[in-house]
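Open the structure in your viewer and keep the selection tool at hand. The tour below goes stop by stop.

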Amino acid sequence: MKHHADGAALGEFLVSARSLAEYRAMFQLSDRDLVGRRILDCPGGAASFTAEASALGAEVTAIDPIYDATAAELAARAAPETERAVAWAQRHAGRYRWDWYGGTAEHATIRRGAAARFAADVRTAPHRYLAGALPSLPCPDGAFDLALSSHLLFSYADRLDADFHLAALLELTRVATTEVRVYPLLDHTGAPLDELIDHLRTELHDKGIRTSLRKLAYEFHHGADTMLALHTTV
Ligand SMILES: C[S@@+](CC[C@H](N)C(=O)[O-])C[C@H]1O[C@@H](n2cnc3c(N)ncnc32)[C@H](O)[C@@H]1O
C-alpha cells in the first residue's frame, strides 16, 4: 500500500466489506484452515477478513487495486462504499435469502462492523494490504498456502470475459500451494454461469488442475450455495 496521497480512484467495482463469519461460510473455513496458514484474500476490498483472521493467528495478505491509496483514504472510503452495498442489497432484497443474516438490518450491521474493522486495520497494519490486480499478482510462486477470491470473478462476468477468468484462476493457483477457493458462482444479478464454469473447469483440467464444486450451508443470492475449489497439489 502507498503511504502518500495520489488521488487513486476506487473505480466501478463495488468495494464491499464482508466479515470473517461470512468468509467462513462462503469458503467453508475452519480454524484449521486459518491458524498458522499463509492466506491470500484477493480481492480484499474493504473486508475485515484480513484483520479478523490475522487476530486468530493466520498470516493474511489482502490484494486489491484500491490499496494503491493511503490508509486514511481507504478508511474514509470504506463506510460510504458499505452504504452503497447495503443500499443495493436492500433495493434488490427479493434476490437474496436473508435467513443466514437474520434480516436486512442485521446484514447492514455486519457490513458496517466489517468496514470499521477494515478501516482500523489498514491504519495499524498497512503491510497486510498490497496494491495489485488479477490476473497478474505482485507475489512470488507459492507465496501462500490458500487463496480466497470472493465477489470479483463470476460476480462481474458482465465485464470480465472467460479469458480473464481463466488467467485469474491460473494466477491464483500460481501463488497458492494447496488450494484456491472462489465464491460465488453467479453474477451480481444472480444469473447462473454454468457454461462459463464448465468451460473454465475443462480448461483447468487440461492444464492438470483438479477442480471441485462444494455445496455450502450459506446462500445469499438465491442459488449461490456452491463454491469452486481448485486443488493445486495432487
Ligand atoms: C465486491 S468487492 C469484494 C471484496 C471482498 N472480497 C468481499 O467479499 O467483501 C470487489 C473488489 O474487487 C476489486 N477489483 C476490481 N478489479 C480487480 C482485479 N483485476 N483484481 C483484483 N481485484 C479487483 C475492487 O477494487 C473491489 O474492491
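Start at the ligand and select Ser16. A polar side-chain atom of Ser16 sits 3.1 Å from an oxygen atom of the ligand. Keep in mind that this is a predicted model.

Add Ser150 to the selection. Here too a polar side-chain atom faces a ligand oxygen, at 2.5 Å. Then pick Pro43. A polar backbone atom of Pro43 is 2.7 Å from a nitrogen atom of the ligand. How much of the ligand does the protein bury? Taken alone, the ligand exposes 600 Å², and the protein buries 95% of that.

Now show the whole shell. It holds 21 residues around the ligand. The closest are Arg18, Pro43, Asp64, Leu134 and Ser150. Colour the shell by residue class: 14 are nonpolar, 5 polar and 2 charged.

**The sheet**

Switch to cartoon and select the strands. In what order do the 7 strands of the open sheet run? The order is β3-β2-β1-β4-β5-β7-β6, and the pairing is mixed. Look at the edges next. β3 and β6 (210–215) stand there, each with a single partner strand, so one side of each has no neighbour in the sheet.

Select strand β2, residues 59–63. Of its 5 residues, 4 are buried, so β2 is largely enclosed by the rest of the structure. The cut-off for buried is under 20% relative accessible area.

Add strand β1, residues 38–41. β1 and β2 run parallel and are joined by 4 bridges. To see the register, label Asp41: it stands opposite Ala62 in β2. Now include helix α3, residues 49–56. With β1 and β2, helix α3 makes a right-handed β-α-β unit.

Move to the other pairing of β2. Strand β3, residues 129–130, pairs with β2 in the parallel sense over 2 bridges. Label Ile63 and find its bridge partner in β3, Leu130.

**Helix α1**

Select residues 20–27, which form helix α1. The helix is mostly covered, with 6 of its 8 residues buried. Which residues are they? Highlight Leu20, Glu22, Tyr23, Ala25, Met26 and Phe27. An α-helix has 3.6 residues a turn, so residues three or four places apart point the same way. Step on to Gln28, just after α1. Gln28 takes a positive phi of about 45°.

**Helix α6**

Go to residues 162–175, helix α6, and pick His165 within it. Is His165 buried or exposed? Its relative accessibility is 0%, so His165 counts as buried. Show the side chain and draw a distance to Phe154. The side chain of His165 reaches the backbone nitrogen of Phe154 at 2.8 Å.

**Helix α7**

Finish on helix α7, residues 194–206, and select Leu196 there. At 15% relative accessibility, Leu196 counts as buried, because the cut-off is under 20%. Then add Ala157. Leu196 and Ala157 are 39 residues apart in sequence. In space, their C-alpha atoms are 9.0 Å apart.

Definitions and conventions
Residues are numbered from 1 along each chain as its sequence is written. This is a predicted model: local features need pLDDT of at least 70, side-chain atom pairs count only at pLDDT 80 or more; totals for chains, interfaces and linings use all residues. Side-chain values use heavy atoms; hydrogens and water are left out. A residue is near a molecule or strand if one of its heavy atoms lies within 4 Å of it. A polar contact is a pair of N or O atoms within 3.5 Å; within protein, one must be able to donate a hydrogen and the other to accept it, and residues adjacent in sequence count only if both atoms are side-chain atoms. Accessible areas come from the Shrake-Rupley method with a 1.4 Å probe; for residues, only the protein chains shown count as cover. Ala, Val, Leu, Ile, Met, Phe, Trp, Tyr, Cys and Pro count as nonpolar, Asp, Glu, Lys and Arg as charged, and the others, Gly among them, as polar. Buried means under 20% relative accessible area, exposed over 50%, partly exposed in between (1.4 Å probe, protein chains only). Two strands pair if DSSP finds at least two bridges between them. A crossover is right-handed if, with the strands pointing away from the viewer, the path from the first strand over the helix to the second runs clockwise.
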